[in-house]
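Subject: Structure for you to look at

Dear colleague,

I am handing over the structure below, and I would be glad if you could open it and keep it in view while you read the notes that follow.

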Amino acid sequence: MDMQINKEVKIIRNEAFLEKAEALDHPLFEEWVRPVRMVKMVADEAAIHGFRAEALPDSPLETAPLGKGDCVIFDFGRHLVGYPSFELEPVGSPPDAPLYFRLTFAEMPVEAAVDFSAYDGWLSKSWLQEDAFHIDVLPKIFHAERRYSFRYMKLEVIDSSPKYQVKLAHIKVRAVTSADQASLAPLHATRPENRQLDHVSLETLKSCMQSVYEDGPKRDRRLWLGDLYLQAQASYVSFQNVDLVKRCLYLFAGLPDTQGRVPANLFIAPEVRADDTYLVDYALYFMDTLYDYYQHTGEKETVRELWPTAKSQLNFAAEHLNELGIMEDRPYWWSFVDWNPDLSKATPTHGLYLLTLKRAASLAAEFEPALVEELTAKCEMGKQAARDHLYDAPTGFFRSGTDHQISWHSQIWMVLGEVVSKEEGRQLLLRTMRKNPEIGLTTPFAYHFMVEALFKTGLKEEAERMMDTYWGGMIKAGADTFWELFKPDDLNFSPYGSHLINSYCHAWSCTPTYFIRKYQL
Ligand code: RAM
């Protein structure tokens, strides 16, 4: 897949929007957290990635004297995002050489078990959470300046000197989030499985909620539109941080290019900056996120201001329609849909386009009535085009792309785009599950839309079963927070060449809480 580098993109900053976003940047909530136990990582073939944490009897609050080559691992008992600190106290002769140690932070046991030097994925190694420090003067209260995302913290003494060792005490983490526990809506679910799914979803969402809705606090630590769309939905029914959704929408709207397109993601520091990646589906999610925002808040001013930005994304998407009125694949990364290099994105993106047109028409009824007819007509034409040109009657499935690919994604998105009736959609989804097309779902992001489609067509039991087996499968495999990638038949799956670089607390996977609370499961 070619990552298209848009060197020519010019951003037209909308300072008024960026100022609005800035004003919505509230201070984070902080909590001091201490480790709950010391552990060692042991090889175990039955464990995910081959390692599990085993408790040690040592106190997690201070260590024995540590010298060259010694290593300790603290387990904080849950996933945290924050800044660790501890006291370093020399033991023995006066320290006659600097202390040199390495910290490694792990969301999963494997990250604290293996040597990162063997990493050979294609995303930068700099994402792996490991840092070495020299301390010239002891004793010292060490405060990490970088923010880490982890459950386990490993400390290795690279060297002290033959004459002294070092003890650690008062180990703690200043954990940060923009999720306000006091605003958490009550959960009515009684089924233990759902309570657990909800809990892990909230842990995930909380860690991803920082000064923006981040995709993953370990990686990429930035604001992606697709992730935002799902996080906002999960947030409305749980922590209810509406201001943060609004802030993120204004940030995107503040950085359009000359054609009015919003980028797929933004960098936040040192100041907000647009990435030069443009994805049709992510651009459409701007309208969908705005639609949900309005459904949830009924607040008109924001929608009125952001409506032109949302409309521009429809125009961007429409540029990808062919002469039959159908989305067409491009040879570069034009739409995301899922991490599957073999996936044709055309039909899934077409379905999303139709769904977005419908929502746009609904917003237009209030904010630009003159446009309702045109948007509705485009939506109906798009549906008819899909029925005429994408449906393969002999197999009963929708195809995508010039190779007429039949994927899970295409069926899901034809249902969500309402190309078929509710009953037809129901049959289509059941057929898809029976036939199990080879081009399958690889991320919780893509699974989310499958579950959504199942609920939409009244297949409630199937939806719940999928949540139990998929997200519940992550919990069974040891998830404290839900992962960026999960392929039950390939637990080491990574689109980046190594599972070490995967994010194990990822925003787009936090939606069981949304389903459980919305459908009162
Ligand atoms: C990855 C991240 C992010 C996602 C993009 C498309 O970089 O997982 O969450 O939105 O892909």
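In this predicted model, a polar atom in the side chain of Glu484 lies 2.6 Å from an oxygen atom of the ligand. Two further side chains can be described in a similar way: an N or O atom of Asp220 is 2.8 Å from a ligand oxygen, and an N or O atom in the side chain of His506 is 2.7 Å from an oxygen atom of the ligand. If you display the surroundings of the ligand, you will find Asp215, Arg219, Asp220, Trp224, Asp227, Tyr282, Phe336, Trp339, Glu484, Tyr496, His506 and Trp508 around it.

Asp220 deserves a second look, since the peptide bond that joins Arg219 and Asp220 is cis, with an omega of about 10 degrees. As for its place in the chain, Asp220 lies in the loop that runs between α3 (192-208) and β10 (223-224). Another cis peptide bond joins Ala269 and Pro270, and there omega is about 0 degrees; Pro270 is found in the loop between β11 (265-267) and β12 (273-274). While you are checking the backbone, please also turn to His170, which is not a glycine and yet has a positive phi of about 50 degrees, and which is found in strand β9, residues 164-177.

The other findings concern the packing of helices. The axes of helix α4 (residues 225-236) and helix α6 (residues 280-297) come within 8 Å and cross at roughly 15 degrees. Angles under 35 degrees count as roughly parallel, and α4 and α6 are therefore roughly parallel to each other. Their crossing is left-handed. On the α4 side the contact is made by Leu225, Gly226, Asp227, Leu228, Tyr229, Ala232, Gln233 and Tyr236, and on the α6 side by Tyr282, Ala283, Tyr285, Phe286, Asp288, Thr289, Asp292, Tyr293 and His296. When the residues of this contact between α4 and α6 are sorted by class, they divide into 10 nonpolar, four polar and three charged. Asp227 and Tyr282, which take part in this contact, are also among the residues around the ligand.

How do α4 and α12 pack, and at what angle? Helix α12 covers residues 444-456, and the axes of α4 and α12 are 11 Å apart at an angle of about 50 degrees, which makes α4 oblique to α12. This crossing, too, is left-handed. Gly226, Tyr229, Leu230 and Gln233 of α4 make the contact with Phe445, His448 and Phe449 of α12, and by class the contact of α4 with α12 has four nonpolar, three polar and no charged residues.

Finally, α6 packs against helix α8 (residues 346-367) at an angle of about 35 degrees, with the two axes 9 Å apart, and α6 passes α8 in a left-handed crossing. In this contact Val280, Asp281, Leu284, Tyr285, Met287, Asp288, Tyr291 and Tyr294 in α6 meet Thr349, Leu352, Tyr353, Thr356, Arg359, Ala360, Ser362, Leu363, Glu366 and Phe367 in α8. By class, the contact of α6 with α8 has 11 nonpolar, three polar and four charged residues.

With best wishes

Methods: Residues are numbered from 1 along each chain as its sequence is written. This is a predicted model: local features need pLDDT of at least 70, side-chain atom pairs count only at pLDDT 80 or more; totals for chains, interfaces and linings use all residues. Side-chain values use heavy atoms; hydrogens and water are left out. Axes are lines fitted to C-alpha atoms, for helices over the stretch in contact, and angles run from 0 to 180 degrees between N-to-C directions. Helices (H or I, at least four residues) and strands (E, at least two) are DSSP runs, numbered from the N terminus. Angles under 35 degrees count as roughly parallel, over 145 as roughly antiparallel, 65 to 115 as roughly perpendicular and the rest as oblique. A crossing is left-handed if the near helix is turned anticlockwise from the far one by less than a right angle, and right-handed if clockwise. Contact means heavy atoms within 4.5 Å. Ala, Val, Leu, Ile, Met, Phe, Trp, Tyr, Cys and Pro count as nonpolar, Asp, Glu, Lys and Arg as charged, and the others, Gly among them, as polar. A residue is near a molecule or strand if one of its heavy atoms lies within 4 Å of it. A polar contact is a pair of N or O atoms within 3.5 Å; within protein, one must be able to donate a hydrogen and the other to accept it, and residues adjacent in sequence count only if both atoms are side-chain atoms.
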